[in-house]
Every structure is written in C-alpha cells, then in structure tokens.
Amino acid sequence: MTQAQVPLDDAALVADHDHAQVHKAWKWYHYFGYNIDHKVIGIQYLVTAFVFYLIGGLMAVGMRMELATPDPDFVDPSLYNALLTNHGTIMIFLWIVPAAIGGFGNYLVPLMIGARDMAFPNLNAIAFWLNPPAGLLLLGSFFFGGAQAGWTSYPPLSEITAPVAQSMWIMAIVLVGTSSIMGAVNFIVTIIMMRVPSLTWDKLPLFCWAILATSALALVSTPVLAAGLILLLFDINFGTSFFKPDAGGNIIIYQHLFWFYSHPAVYLMILPIFGIMSEIIPVYARKPIFGYKAIAYSSLAICLVGLFVWVHHMFTSGTPPWMRLFFTISTLIVAVPTGVKIFSWVATLWGGKIRFTTAMLFAVGLLGMFVLGGLSGITLGAAPFDIHVHDTYYIVAHFHYVLFGGSVFGLYAAIYHWFPKMTGRMMNERLGQVHFLMTFIGANLTFLPMHSLGTHGMPRRVAMYDPQFTALNQLCTFGAFMLAASLIPFIINAVWSWTRGPKASDNPWNALTLEWTTASPPIIENWEVLPVVTHGPYEYGMTEEALAVE
C-alpha cells in the first residue's frame, strides 16, 4: 500500500493548526510534564510502565528466591503475601495494560488513521497522570504492611488483613480504572470520528480494530470492578457489610463483580497485542495478511464472548451445575475467534519471505508461548479439570504463558518494530537477539515446570511447600534469574540506541501503514499535509513497484 500525501486546502490548513508549529519538535523536558500530544503521552505511558515492570519484576525475583527452598528463610510469610499481591497488581494494571493500550495505543492510533491527535487531548493527558499516583499508592502500602490478599482481594481476607494498605490498594486500582475508562472513550471517538476520509473501515489497520474492541470491552467491564472495590472499601473503613458473611453480606457477589471485569481484563491485555502481531507479521513475511476481515471481526467476537466466561473462575465457589455447563461452553467458544487469529498469522507466515529481525523473533516466540498457554486454558475451561487443579501452580503456569508469553513478548516485538519511528534511531539487532534468546529460554525454564508442580498438587500463593517440590522450584528460580538478566542487554540496547544508534529512515521496514509515511520521529501534529489512503494496509507483493518509487 502506498499513501499519497496531498496538501490540504491552504485555508483549511491554516484554520486547523499553526503551520509554523508543525515543524517544531519536542524537547526532552517536555516528556516529564503535562503535555497533550498523543506521541508524548504514549512515550510517557511506555516509560512509566516499564519502570513499574522493573519494580514488579524485582518483586517476582524476591518471591522466587523465597521459593528456592521449602522453608520461609528469605522473607517472612506476610511480606511474601504483600510481594505476591503487588507483583500481580503492578504487572497487570501498571505494566501490560498501560503499555499496550496507553503506550502503543496513544502513540500509534492517530498516526495510523491520519489524525493529528486524539479526539480529547486533555482527557488523554489526565488519564495518563492518574497512573503515577496509583503506583505510588501501591508502593506506599508497604509502609503499612502491604496489601496481602492477592490481586483478587477476596473478602473476608481482604477485610481483616492490613486495612490501611488494603484501602490504598483499592484506591490505586480505582485510579487506574478511571484512567482506563477515560482512555476507552477517547479511543472509540477518535477511531470513529477522526480517520482521514479516505481511510474506510475495510482499510483500517488491524491494530486499530483491536484497540476499538479493547476500548468497548473496558467501557463495559471496568465500572463493574470499580463498583465492587468501592463497596469493599466501605466494608473495610465505614462499617458496612456488603461482603461480610457474619453480618449478612455475600462474598460470592464480590467474586462475580471482580471476575466480570478481571477475566475480560485478560482480553484487555491480549487484544492490543493481537493487533500488534497483525501489524508485524505481514511486514516481515512480506505477504498480505491472511483473513483481514476474519481477524478484525474476531476481535469484536472476543470482546463480546469474553463478557460471558467469568464464572469459570468460580467453579469451586458453590456454582450450580447448570451454570458450570453454560460457562464451560462459553469459555470453549471464546477459543474459536482466538484460533482464527492464530490460524491467520500462521497462514500469513506460510510461504512468506520471512526476515527474522528481533521484532519478528519475539512475534514468532509469542506464537509458540501463547498457543501453549491457550491449550492449558482450554483444559481449565472444563469444569472437572479446573476443579482438580484449582489454586495450584498449574494456574500460575497457564496465565504466565498467556500474559508473559503473550503480552510481554508482544510488547517487546512492538518496541523493536516501532522504536525507529519513535526515536529516529535503529536498535542493535545483535543485542536484540541476545535479549530474545535469554527471554525465551528464561520464560520456559520459569513457567514450564509449574505445570507439573500444579498437577502434582503444589498450591499457589504459599511461601512454604512440601520438600518433594524443591527441585522443580529451584529450576523455576533459575529461570527467573535468567529472565531478570535478560533485561540487561535490552536496557543497554534501548539507552544506547536512543542516544547513539544509527539514524533511521522514515520507513526502515518498508511497511505500508500510515505511521510510516511521516518523519521518524514524527513532527508535532504528525504531518505537514494529511495523507490520502490509496491502498489497503497489507498489500505486500502487490505494490512493490510503488514502494521502489518511494
């Protein structure tokens, strides 16, 4: 696809923006303050999220050091519970979701649709600035014992342990939930209303389809979690009894409210990554994406069906048999549109002229990791097996293959792919390959043995365990150290490349979506003249001649 850039009508151009402003670039200090440019906000999200990723990762290393031996000899059980709770919370709410949606969504969506910014720039900036205080609340909770009830915070446990810390945890989640709702409204309006006229729905990049579906899902599900957490906050601090069984409350209602959001949250984390995969694979396979409409519509299908699967987390909570049957079926159905995407990516790779850049390595690594995580997810969708392994390490293995092998691998792929566009510099491929190998091996060493630990009965969320599980736990700990070490070549690569890396052209990968038609990094307001879309976004092999001209 080529996107011809044609000048706007002069009068319209002058009316739309200050032409002189277009040529300016942001200074480094603009990234540390309030700014309404979607590109600045996107990078603010990414950098902030990565800092929290490092903090959450350190917590994971601390937990794995504790689990290297069966006895609680590194941290005491209360601190272990606090590390476990905040590790899960930070990785989900302050790393994957803000990086995938806030970071790449903000940076890329306006560029991909030919807009100069998001529909509501100030709302966009406010949404970002809710995240740092949320993170500080979580970290500050350690001064009050740390929230210890796990990232699910089930009552009555969450109502009787470290009440101040638990209240801070709740307020932090409400803040990031509010940020998520603001962002969702902004994305929906932006994609619907601000596309250049020539960008029809059947030419919309699949990343934008994924962000649209993700935003709709967030808009429906997030307020439900916020309502449940506010009621929990009232129970802890103001003497109410919404979830106190001894005072007439019902803890099962909390579980419904929590999982109505938190299972779709898995799709909030993975749908943008699916969009990233759909952008990266065709570029490096040099083939049109297989099944464009199927991938686009499957995002919407996952969004819809994902709202009807939450009870499979509650099969052991006294759920009646008819409900188990309904949610077993709905859980298995959601695998269908997900399988459509996997099939489409594999079909796109089939027979392609594949370039194994670091971005492509992470994308292919994601395919393997996510398929394994998806298969274990299907087993957990079946009530009999789920009841057998409930609250064991099998669950930990499953969601880490989905969320680390899926989301984190996807985020790395996206960073390597769009780094030249964001910074105007190329990343070092050799360091990137070292980073990929250490991450892939480390992740599998860490999470693969957990399947066996789970099926043999090791419970999760414990600092002590039966000595028979020692060898596998030590293997997991070794893998965790390798994962932590894998960040060293990545950080060196990112910092060195950003400051001294070779300069990137506007389109170093010969990609066909609109963001590659502007400068690297893009100028303020993105284009001097808005582009006109003349081809679909994945017509590789059909427009090579045109590309050669460019």
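These legends describe four close-up views of a predicted model.

**View 1. The cysteines form zero disulfides.**
A search of the whole structure for disulfides finds zero. Take Cys 208 as an example. Its closest cysteine sulfur belongs to Cys 303. The two sulfur atoms are 16 Å apart, which is too far for a bond. A disulfide needs the sulfur atoms within 2.5 Å. Is Cys 208 buried or exposed? Cys 208 has 0% relative accessibility, so it counts as buried. Cys 476 is buried too, with a relative accessible area of 0%. The cut-off for buried is under 20%.

**View 2. The largest cavity has a volume of about 280 Å³.**
Which residues are closest to the centre of this cavity? They are Val 97, Ile 101, Val 176, Ser 179 and Ser 180. In total, 26 residues line the largest cavity. Three helices each give two or more residues to the lining: α4 (77–113), α8 (163–193) and α9 (206–237). Helix α8 gives the largest share, with nine residues. The lining of the largest cavity holds 16 nonpolar residues and ten polar ones. Charged residues are absent from that lining. The structure has five cavities of 30 Å³ or more.

**View 3. Thr 518 sits in a loop.**
The loop runs between helix α18 (470–500) and strand β2 (531–533). Thr 518 counts as buried because its relative accessibility is 4%. What does the side chain of Thr 518 reach at 2.4 Å? The partner is the backbone oxygen of Asn 526. Asn 526 is also among the residues that Thr 518 touches. Leaving out residues up to four places away in sequence, the others are Leu 111, Lys 421, Asp 506 and Trp 527.

**View 4. Tyr 401 lies in helix α16.**
This helix covers residues 393–423. Tyr 401 has 1% relative accessibility, so it counts as buried. Which side chain makes a polar contact with the side chain of Tyr 401? The side chain of Asn 444 does, at 2.8 Å. Tyr 401 also touches several residues more than four places away in sequence, including Met 369, Phe 370, Leu 372 and Gly 373. Phe 447, Leu 448 and His 451 are also among the residues it touches. Ile 492 makes a useful distance marker. Along the chain, Tyr 401 and Ile 492 are 91 residues apart. Their C-alpha atoms are separated by 26 Å.

Key:
Residues numbered from 1 in each chain as written. Predicted model: local features only at pLDDT ≥ 70, side-chain atom pairs only at ≥ 80, totals over all residues. Heavy atoms only, no water. Buried < 20%, exposed > 50% of the residue type's maximum accessible area, 1.4 Å probe, protein only. 1 Å grid on protein atoms, 1.4 Å probe; cavity = no way out; pocket = protein on both sides within 12 Å on 5 of 7 lines; lining within 4 Å. Points joined across faces, edges and corners; volume = space filled by probe spheres on them. Helix = DSSP H or I, 4+ residues; strand = E, 2+ residues; numbered from the N terminus. Nonpolar A, V, L, I, M, F, W, Y, C, P; charged D, E, K, R; others polar. Polar contact = N/O pair within 3.5 Å; in protein donor to acceptor, adjacent residues only side chain to side chain. Contact = heavy atoms within 4.5 Å.
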